[in-house]
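Please open the structure in a viewer and keep the sequence panel beside it. The stops below say what to select and what is there.

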2 protein chains.
Amino acid sequence: MQEDEFKVTPWEVSGKVDYEKLMQQFGTQKISREILEEISDISRQKMHVMLRRNIFFSHRDLDLILKDYREGKGFFLYTGRAPSMGMHIGHLVPFLFTKWLQDIFNVNVYIEITDDEKFMRNQDYTLKQTSEWAYQNILDIIAVGFNPDKTFIFKDTEYIRNMYPLVTAIAKKLNFSQVKSTFGLDVSSNIGILFYPAIQIVPTMFENKRCLIPAAIDQDPYWRLQRDLAESLGYRKAAEIHSKFLPPLASSDGKMSSSIPESAVYLSDPPKTVEKKIMKYAFSGGQATTELQRKLGADLKVDVPYQWLYYIFEDNDDEMERITRDYSKGNMLTGEVKATLARKVNKLLEEHRERREKSKDEFSKFLYDGKLAKHMWEKIHS
Amino acid sequence: MQEDEFKVTPWEVSGKVDYEKLMQQFGTQKISREILEEISDISRQKMHVMLRRNIFFSHRDLDLILKDYREGKGFFLYTGRAPSMGMHIGHLVPFLFTKWLQDIFNVNVYIEITDDEKFMRNQDYTLKQTSEWAYQNILDIIAVGFNPDKTFIFKDTEYIRNMYPLVTAIAKKLNFSQVKSTFGLDVSSNIGILFYPAIQIVPTMFENKRCLIPAAIDQDPYWRLQRDLAESLGYRKAAEIHSKFLPPLASSDGKMSSSIPESAVYLSDPPKTVEKKIMKYAFSGGQATTELQRKLGADLKVDVPYQWLYYIFEDNDDEMERITRDYSKGNMLTGEVKATLARKVNKLLEEHRERREKSKDEFSKFLYDGKLAKHMWEKIHS
C-alpha cells in the first residue's frame, strides 16, 4: 500500500484515511453548517462534541430526517454492534452519539447485535463465544444510558424469527453479483456471509418512518444496498450520519483493533493499565527530546493522545484550543498531554463501570420487557 | 434436448428419466433384495406397494438405518414440502410412504414446509401467498394420518429462530462455489436462495440419531452437501430413500407440475373433474382403434393410466399382474384401464378429503402442542 492509499470496508480499515476522498467515493454529503444550526435549534443545548469537532462528519438524507421531525412525522435511530471479546473506547463512539440523539429527539433506538455475522465471518469463533461476547457487550451498551422504554437491543440469533419474513423479501432483491461487488466477497465466501446483508438491512424497516443510522462510515456499503431496494418494498431509504474512526493508540492510521491489545483501551482496563498503555504506547507527534519539543512543538496530525482528546475526551472548546496552541507551539510536552488524556479516560471508564454494574438489572428491559422491547417481540416484520 | 436426455434438479425434472443412469450420476445405491427382506421382517406386514413396485428404488445408508434400528439406537424420519397453490396426487407419494415407515418403525417424523424458499425462488409469489398455501398443504399432509405425538410439521418462517444457530453453523461450511455447482445457481441468483440449502439441511440434525429422508430423487443434491459436512459438526450423514417421479397425466416424461393443470390430478378435484382429466388427458399407450388394440395391445412403458395404477393405486399384486397381462395383450382397452384408475383415484381422494376435514382440529397438535411439537419449540438447535 502506498503512503496515500487507504482501505475502508466493513471489516478492514487501513492506511491514513482521507475522509474527503471517502465521501466522494461513497457519494455521501458533508454535514453542512445549516444542518448543524438546525440541530442546535432543536436541541437547545450545547452541540455534542462529536458534531462540534466534526467526528460525525458525513451523512445521507440527514436534512430529510430533520424535515420529517419538524413536520411531526418523526423518525427512528438504528445502530449496532458485531460482538467482540471486549469493547474498547472506539466502540463507544456510535453509542455515545446515538444516546445523545435519542435524548434530543426523544425517539426509538434499535440496536442490532450481530452475533450471527461475527460467528460466520470468522473460522475460529464458535457461536457460544460470540453469544457470550454479545451478553458482555450489551451490558456496556446499556451503561451508555439509553432510554429503556424507547430502546430495543436484540441479538440476531434470538430475534431472527420476527425479522425473517422481511429478511427473505430483502434477500430476494439482492443477488450474488451485487453483494460480491459491494463487499468485496468472492466465490469462496460462505453462504451465511453472502446472505447476511439482508439481516443488517432489516432493522432500517422496523418502523414506517425514516430511519437514521449513526455509525462509522465503514458500514456505508450496507446502506447503499438498502437505499437501492427500500422503496420497492414500500419503505424509505435509510438516512445515515457517518463518523470517522478513532485512531488506534499505537499509530494514527486505520482504526482501533480488538486483535492488537496495545492499540486499544478497553472499557475493562484498570486505571494503571490505562495509564501505562497511554504513556507507553500512544503514538506521539511530539519531538524526541524536551528541548526539541519546546523549540518545534508537536505534529498534531499524527499525535494520538491529542486526537483522542479532540475526538471525545476534552469537551471544553476553550481548553481544547489552549491544548492545541500550547502543544503545537511546544509550550506543552507530550507527557502532559498523555497524563491529561489518561486522567480523562480513567474518569470516563470509572463512571462507565459504575453504570455497567446496574446494567444487569436493566438487561431484560432493553431486550425483552421494556415498553419498546415488548412491542417488538409481538411484531412479525413482513 | 435429445430423446435420451433428461434433467433432474430440485426445481426441474424433464425428459424421460433413466433412473439407472441417475443412480450412477448421483452415486446412490439400488435398494437390494436383502434390505427389502429385512424391512419385511421388521414390519411383519405386507410390503408397501411403493417398495414392491420399486417406486422407492434407490437409497444411501438405508442399511445403516436398519442396523441402528436393530441395535436399539433408533433413527428419525424427515421429509418436506415447498408449498404450492394446490397439492396433486404426485405430492402425496413421499408422505404416504413416510407415514407407512412411521407406522412400521414407530419413530419421529419431521416435516419442513419451505415457505421461505418457495417465496425467494419465484419472483411472482408473495410471502403471504406461500404462507397461505403452506396452511392448505399442511391440512393435506395431516390427512395422510401421521402420529400427532410423534410428528412435527413446521414452517421455516415460523421455526427459524429455533433452527437459526445451527443454520449459521451449516452456512459457515458452504461457500458460493459449492452451492453454485451443486444446484446450478449463478451470480444472478438471489442471496436467499444461495443461503437456503443451510435451512433444508438443518432438520437432518434435529436428533442425535441417524436421519432417514424419504423424498423424490431430485432432492438428492441437498443431501450430498449434508453428507459432506455433517460429521464436522458432530452429526451423522443423512440416509435417504429415493422415489421416482409419478409421471404427469398428459405425458410419460418429466414429473407432474402444478403449473400445467391438466397434467395433474389435484387433491381437491371433484369426481367429475378427475374422470374427465383421466379420460381426456391421460396419455395412453393403447392403440388408435379398438381393433388395433385387441390385436397389438398397449405399450405399457408410455401408458400413464397404467403407470399410475402400478405406482400407487392398484395395491393388489395379482390384480396388477392381470391388468399388465390383459392390457399389454389387447384383452383390455384403454377406456377400461382409465375407468379403473378414475374409480380408484376418486376413492382415495374421497377418503383423503374426509380425513382432511378433521385436519383443522389436529393442526395445532402437529405444529405447536403435540408431544413432539411442544418439545421442539422448547429446543434451540445449535
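Which residue in E9(A) does A:Ser58 stand opposite? Select A:Ser58 and then strand E9 (residues 239–243) of chain A: the residue opposite A:Ser58 is A:His242. Keep in mind throughout that this is a predicted model.

**Stop 1: around strand E4 of chain A**

Stay with A:Ser58 and show strand E4 (residues 56–60) of chain A as a whole. E4(A) is joined to E9(A) by four bridges, and these two strands run antiparallel. Now select strand E3 (residues 29–30) of chain A, which has two bridges to E4(A) and also runs antiparallel to it. Within this pair, A:Lys30 is the residue opposite A:Ser58.

Is E4(A) enclosed or open to the outside? Five of its five residues are buried, so the strand is largely enclosed by the rest of the structure. The cut-off behind the word "buried" is 20 or more other C-beta atoms within 10 Å of a residue's own.

**Stop 2: the sheet of chain A**

Widen the selection to the sheet. Seven strands form an open sheet in the order E3-E4-E9-E8-E5-E6-E7 (chain A), and their pairing is mixed. At the edges are E3 and strand E7 (151–155) of chain A, each of which pairs on one side only.

Go to the E7 edge. E6(A) and E7(A) run parallel and are joined by five bridges. One pair to pick out here is A:Ile113, which stands opposite A:Lys155 in E7(A).

Next add H5(A), which packs on the sheet. H5(A) touches E4, strand E5 (75–81), E6, strand E8 (210–216) and E9 of chain A. The direction of H5(A) makes about 165° with that of E5(A).

**Stop 3: two loop residues with positive phi**

Follow helix H5 (89–105) of chain A into the loop that leads to strand E6 (109–113), and select A:Asn106 there. A:Asn106 is not a glycine, yet its phi is positive, about 55°. Is A:Asn106 buried or exposed? A:Asn106 is exposed, because 10 other C-beta atoms lie within 10 Å.

Move to the loop between helix H2 (33–43) and helix H3 (49–52) of chain A, where A:Arg44 is found. A:Arg44 also is not a glycine and has a positive phi, about 50°. With 7 other C-beta atoms within 10 Å, A:Arg44 is exposed.

**Stop 4: a helix pair in chain A**

Select helix H14 (residues 304–313) and helix H16 (residues 334–369) of chain A. At what angle do these helices pack? The angle is about 35°, and the axes are 9 Å apart. H14(A) passes H16(A) in a left-handed crossing.

Show the side chains at this contact. From H14(A), select A:Pro305, A:Tyr306, A:Trp308, A:Leu309 and A:Phe313. They meet A:Val337, A:Lys338, A:Thr340, A:Leu341, A:Lys344 and A:Val345 in H16(A). By class, the residues of this contact are eight nonpolar, one polar and two charged.

**Stop 5: chain A as a whole**

Zoom out to chain A. Its secondary structure comes to 17 helices and nine strands. The C-alpha trace spans about 65 × 50 × 45 Å along its principal axes. The radius of gyration of chain A is 21 Å, which agrees with the value near 21 Å for a compact globule of 382 residues. Of these 382 residues, 49% count as buried. Among contacts in chain A with a separation of 6 or more, 75% are between residues 24 or more positions apart.

**Stop 6: chain B and where it meets chain A**

Switch to chain B. Its open sheet of seven strands has the order E3-E4-E9-E8-E5-E6-E7, with mixed pairing. Select strand E5 (residues 75–81) and strand E6 (residues 109–113) of chain B, which run parallel with five bridges between them. B:Arg81 has B:Ile113 as its bridge partner in E6(B).

Finally, show both chains. How many residues does the contact take from each chain? It takes 29 residues from chain B and 29 residues from chain A. On the side of chain B, the elements that give two or more residues are helix H6 (115–121), helix H8 (156–171), helix H9 (176–183) and helix H10 (191–195). H8(B) gives the most, with nine residues. This side of chain B has 16 nonpolar, nine polar and four charged residues.

How values were computed:
Residues numbered from 1 in each chain as written. Chains lettered and ligands numbered in written order. Predicted model: local features only at pLDDT ≥ 70, side-chain atom pairs only at ≥ 80, totals over all residues. Pairing = 2+ DSSP bridges. Contact = placed C-beta atoms within 7 Å. Nonpolar A, V, L, I, M, F, W, Y, C, P; charged D, E, K, R; others polar. Axes fitted to C-alpha atoms, helices over the stretch in contact; angles between N-to-C directions. Left-handed = near helix turned anticlockwise from the far one by under 90°. Rg over C-alpha atoms; globule rule 2.2 N^0.38 Å. Buried ≥ 20, exposed ≤ 12 C-beta atoms within 10 Å, placed from the backbone.
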